[in-house]
Amino acid sequence: GEAESAADRVMAVRDRSCGTMRVAASATFAVGRLDEAIAAANVALGTCRGDTAQLQRILALAGAARGDPSGELKLLVLLREDPTDAVARRALLATLRDQSRWIEMTPHLEALINAGAATPQEAADLRRARVGLPLR
């Protein structure tokens with residue numbers, strides 16, 4: 001599609017400046033090309049000065065989606081900085097679910113419910129996680 005084509009175009013650019021690599025990281029992450037997103041974000045971190053929050057976010061979300069053990073830690077950092085970040089919280093929940101860490105999911109499900117951002121499935125998951133039952 002268009003997004004995939006845009007990611008291809010930006011990755012073909014030889015310029016490895018901060019701006020180009022930021023766009024490359026965002027574009028490849030948006031289409032699920034996680035390895036390329038991580039590589040581009042890391043290059044951008046080496047050249048960008050100032051605000052790197054977006055790059056750190058891409059590294060955390062892509063790393064967690066890829067199953068990278070550091071991805072979970074990076075998600076926790078994001079949540080410490082912004083406890084209302086539902087995207088990061090759901091990424092962390094996916095990581096915990098993949099590892100059958102039901103009890104550890106409880107505070108994160110509660111945070112979504114308390115914020116009014118939980119889906120009906122997340123509310124059901126909380127009831128099961130509170131008693132240590134496996135989630136579907």
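In this predicted model, helix 7 passes helix 8 in a left-handed crossing. The contact draws on Trp102, Ile103, Thr106, Leu109, Glu110, Leu112 and Ile113 from helix 7, and on Glu122, Ala123, Asp125, Leu126, Ala129 and Arg130 from helix 8. Sorted by character, the residues of this contact comprise eight nonpolar, one polar and four charged. As for the geometry, helix 7 covers residues 102–114 and helix 8 covers residues 120–130. Their axes come within 8 Å and cross at roughly 140 degrees.

A second helix pair is found earlier in the chain, where helix 2 (residues 18–30) packs with helix 4 (residues 53–66). Here the angle is about 30 degrees, and the axes lie 10 Å apart. Helix 2 likewise passes helix 4 in a left-handed crossing. From helix 2, the residues Arg22, Ala25, Ser26 and Phe29 take part, and they meet Gln54, Leu55, Ile58, Leu61 and Ala62 of helix 4. For anyone following along in the structure, the residues of this contact divide into six nonpolar, two polar and one charged.

A backbone detail turns up in the loop between helix 6 (86–98) and helix 7, where serine 100 is found. The phi angle of serine 100 is near 55 degrees, a positive value in a residue other than glycine. Is serine 100 buried, exposed or partly exposed? With a relative accessible area of 44%, serine 100 counts as partly exposed, because that category lies between the cut-offs of under 20% for buried and over 50% for exposed.

Terms used: Residues are numbered from 1 along each chain as its sequence is written. This is a predicted model: local features need pLDDT of at least 70, side-chain atom pairs count only at pLDDT 80 or more; totals for chains, interfaces and linings use all residues. Side-chain values use heavy atoms; hydrogens and water are left out. Axes are lines fitted to C-alpha atoms, for helices over the stretch in contact, and angles run from 0 to 180 degrees between N-to-C directions. Helices (H or I, at least four residues) and strands (E, at least two) are DSSP runs, numbered from the N terminus. A crossing is left-handed if the near helix is turned anticlockwise from the far one by less than a right angle, and right-handed if clockwise. Contact means heavy atoms within 4.5 Å. Ala, Val, Leu, Ile, Met, Phe, Trp, Tyr, Cys and Pro count as nonpolar, Asp, Glu, Lys and Arg as charged, and the others, Gly among them, as polar. Buried means under 20% relative accessible area, exposed over 50%, partly exposed in between (1.4 Å probe, protein chains only).
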